[in-house]
Amino acid sequence: MRLTAAFPAVVSTLLAVFAPSNVFAANGFTGTCATWSGSGTTLQATCSAINGTQITSTLNLNNCFTNTQGILGFQVNGNFAGSCTKIAHNAGNNRHGDEAWLSALCSAGNGKQFDTAIATNAYIGNSNGVLAC
């Protein structure tokens with residue numbers, strides 16, 4: 001009898017979880033952003049909002065990436081630029097099939113430095129027209 005009483009609540013929860021969202025995915029910004037470019041720790045993109053308008057926003061990549069022993073990785077507030085130099089972007093127009101990458105020369109903390117890169121598209125998303133990690 002308890003299962004029968006709980007069934008409507010379970011169905012409502014499942015519908016809420018799997019219903020279409022008003023927020024784009026947490027990653028894959030290149031799928032909904034027409035153009036993007038990078039300079040230093042800043043990524044700028046023009047992205048589609050839910051209502052179809054195009055919004056240009058910027059994101060400080062120090063808020064998304066870290067340097068762990070000379071290797072770039074995802075971490076909120078990671079501040080990778082504190083120990084990396086020669087920061088560069090392979091950024092372009094997704095309609096031409098370009099991939100979005102961040103590369104840098106990062107210190108391993110033991111005197112060694114490594115050329116490292118990370119695919120920004122895997123960790124940065126479009127939140128209703130605004131870049132987010």
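Student: How many bridges join strand E7 to E8 in this predicted model?
Tutor: Take E7 as residues 101-107 and follow its pairing with E8, where the two run antiparallel. Among the facing residues, Ser-103 stands opposite Ala-117, and Cys-106 has Phe-114 as its bridge partner. The number of bridges joining E7 to E8 is seven.

Student: Which residue in the turn of the E7 and E8 hairpin has a positive phi?
Tutor: Look at the stretch linking the two strands, which has five residues between them. One residue there has a phi of about 85°, and that's Gly-109.

Student: Which strands stand at the edges of the sheet, each with a single partner strand?
Tutor: It's an open sheet of three strands, paired antiparallel in the order E6-E7-E8. A strand at the edge has a single partner, so one side of it is left without a neighbour in the sheet; that goes for E6 (84-90) and E8 (113-119).

Student: And by how many degrees are neighbouring strands of this sheet turned against each other on average?
Tutor: Here you ignore strand direction and take the average over neighbours. That comes out at 15°.

Student: Moving on to Ser-57, is it buried or exposed?
Tutor: Ser-57 sits in strand E3, residues 54-60. Its relative accessibility is 10%, and the cut-off for burial is under 20%, so Ser-57 counts as buried.

Student: Which residue has its backbone nitrogen 3.0 Å from a polar atom of the Ser-57 side chain?
Tutor: Leaving aside neighbours within four places in sequence, Ser-57 is in contact with Leu-43, Gln-44, Ala-45, Gly-129, Val-130 and Leu-131. Of these, the backbone nitrogen at 3.0 Å belongs to Leu-131.

Definitions and conventions. Residues are numbered from 1 along each chain as its sequence is written. This is a predicted model: local features need pLDDT of at least 70, side-chain atom pairs count only at pLDDT 80 or more; totals for chains, interfaces and linings use all residues. Side-chain values use heavy atoms; hydrogens and water are left out. Helices (H or I, at least four residues) and strands (E, at least two) are DSSP runs, numbered from the N terminus. Buried means under 20% relative accessible area, exposed over 50%, partly exposed in between (1.4 Å probe, protein chains only). A polar contact is a pair of N or O atoms within 3.5 Å; within protein, one must be able to donate a hydrogen and the other to accept it, and residues adjacent in sequence count only if both atoms are side-chain atoms. Contact means heavy atoms within 4.5 Å. Two strands pair if DSSP finds at least two bridges between them. Axes are lines fitted to C-alpha atoms, for helices over the stretch in contact, and angles run from 0 to 180 degrees between N-to-C directions.
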